[in-house]
Amino acid sequence: MTISSLVKLIDVGPRDGLQNEKSPVPAEVKIELVHRLQAAGLQEIEVTSYVSPKWVPQMADNHVVMSGIQRKAGVRYSVLTPNLKGFEAALLDQPDEIVVFGSASEAFSQKNINCSIAESIERFAPVVEAALAAGIAVRGAMSCTVGCPYEGEIAPERVAYLAGLLKGIGVQRVDVADTIGVGTPRKVQRAIEATLTHYAIDEVSGHFHDTYGQALANTLAALELGVWNFQSSVAGLGGCPYAKGATGNVATEDVVYLLHGMGIETGIDLDKLIDAGVFISDFLGRKPNSRAATALINKRAG
Ligand SMILES: CC(C)(COP(=O)([O-])OP(=O)([O-])OC[C@H]1O[C@@H](n2cnc3c(N)ncnc32)[C@H](O)[C@@H]1OP(=O)([O-])[O-])[C@@H](O)C(=O)NCCC(=O)NCCSC(=O)C[C@@](C)(O)CC(=O)[O-]
């Protein structure tokens with residue numbers, strides 16, 4: 001398989017990146033982050049989630065954030081919707097894409113969305129149907145495709161099983177997520193290959209957390225299989241509230257540096273992206289968790 005000469009990145013920083021922050025991040029800051037990401041050339045941004053504010057308080061301002069964004073033509077804004085209640089709320093804010101989020105691990109499904117895998121599919125089915133009827137695209141996030149914080153290693157067959165269930169209810173494309181960042185290249189490739197038994201390569205994206213420093217290697221391994229859609233988080237923000245100890249997604253800056261270094265186009269201006277990462281990191285009172293950003297910031301400082 002040839003490596004694609006073009007890669008599409010979905011920055012999930014405003015959602016996956018910020019959902020785990022303990023102190024509330026004001027809606028204006030989230031909106032400004034989205035504006036900076038789109039100005040840097042991101043064409044897909046995962047903005048927020050319509051989940052229970054009791055479960056994830058940081059995303060309680062979903063409506064304020066979504067309605068406060070000055071949308072840029074050509075940019076796709078996606079949001080997470082776990083059930084019809086979330087979808088109905090999201091619909092008012094007109095996302096371009098909704099994301100239902102399932103898990104290859106039963107235990108993680110219970111901890112994250114309070115139901116079994118089978119029950120999650122029953123909940124997602126009417127959401128998918130309603131979204132497609134409203135002309136909204138549907139993505140499915142598949143958590144724990146290589147490892148689970150509660151069950152340990154996850155076999156590729158379980159990924160194929162989940163992918164098949166999502167395909168069966170009409171989910172158009174899926175993310176192969178290494179939620180806790182335990183994956184290494186061959187394991188990640190097996191999870192992707194399992195997904196490819198139900199989805200075409202153009203419908204599969206990689207979503208790698210960087211807990212063990214493997215996310216860039218895993219990105220390269222996915223590229224080698226022909227994957228050309230990836231999720232990443234500006235400044236390496238994030239973590240999942242139901243995956244203790246897991247760190248953020250791979251930093252978008254690091255992925256862009258890797259891709260541009262390989263001659264792969266992303267449409268992203270790395271300098272502007274770094275500034276977006278500095279903006280949100282300054283607000284959070286820390287340095288961007290990106291090796292490329294740190295190196296280039298030091299270089300700028302001379
Ligand atoms: C899914 C539920 C809602 C089920 O939660 P539940 O308690 O089973 O739901 P319920 O239907 O019994 O409702 C309980 C209460 O929640 C309310 N409720 C019910 N649904 C909604 C909604 N959509 N929006 C707002 N409120 C809602 C509902 O109205 C009710 O309110 P009450 O009567 O108690 O006041 C809950 O478990 C939840 O919100 N979980 C949040 C999970 C989450 O956001 N996790 C993080 C994102 S996933 C992730 O990060 C992984 C990913 C995608 O990045 C990929 C990867 O790396 O793996």
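How many bridges join strand E9 and E10, and in which sense do the two pair? I looked this up before anything else. E9 (residues 204-208) pairs with E10 in the parallel sense, over three bridges. For my own bookkeeping, strands (E, at least two residues) and helices (H or I, at least four) are DSSP runs numbered from the N terminus, and two strands count as paired if DSSP finds at least two bridges between them.

A note on the source: this is a predicted model, with local features needing pLDDT of at least 70 and side-chain atom pairs counting only at pLDDT 80 or more, while totals for chains, interfaces and linings use all residues. Residues are numbered from 1 along each chain as its sequence is written, and side-chain values use heavy atoms, with hydrogens and water left out.

**Barrel**

I then followed the strands round. They make a closed barrel of eight, in the order E1-E2-E3-E4-E5-E8-E9-E10, with parallel pairing. From one strand to the next, the twist averages 25 degrees.

E10 (residues 229-232) also pairs with E1 (residues 8-11), in the parallel sense and over four bridges. I checked Gln231 in particular: Gln231 is the bridge partner of Ile10 and also of His207.

**Around E10**

I looked at the side chains next. Asn229 and Gln231 point one way from E10, Phe230 and Ser232 point the other way, and all are buried (under 20% relative accessible area, 1.4 Å probe, protein chains only). That fits a handy rule: in a regular strand the side chains alternate between the two faces of the sheet.

Helix H10 (residues 252-261) lies across E1 and E10, at about 170 degrees to E1. Axes here are lines fitted to C-alpha atoms, for helices over the stretch in contact (heavy atoms within 4.5 Å), and angles run from 0 to 180 degrees between N-to-C directions.

**Aromatic pair**

I found Phe208 and Phe230 forming a tilted aromatic pair, 6.5 Å centre to centre with 55 degrees between the planes. Rings of Phe, Tyr and Trp (its six-membered ring) pair if their centres lie within 6.5 Å; planes under 30 degrees apart count as stacked, over 60 as edge-to-face and the rest as tilted. Phe208 lies in E9 and Phe230 in E10, so the pair ties together parts 22 residues apart in sequence. Both Phe208 and Phe230 are buried.

**Ile280**

Last, I listed contacts of Ile280. Leaving out residues up to four places away in sequence, Ile280 touches Leu18, Val29, Leu33, Val234, Ala235 and Leu237.

Definitions and conventions
Buried < 20%, exposed > 50% of the residue type's maximum accessible area, 1.4 Å probe, protein only.
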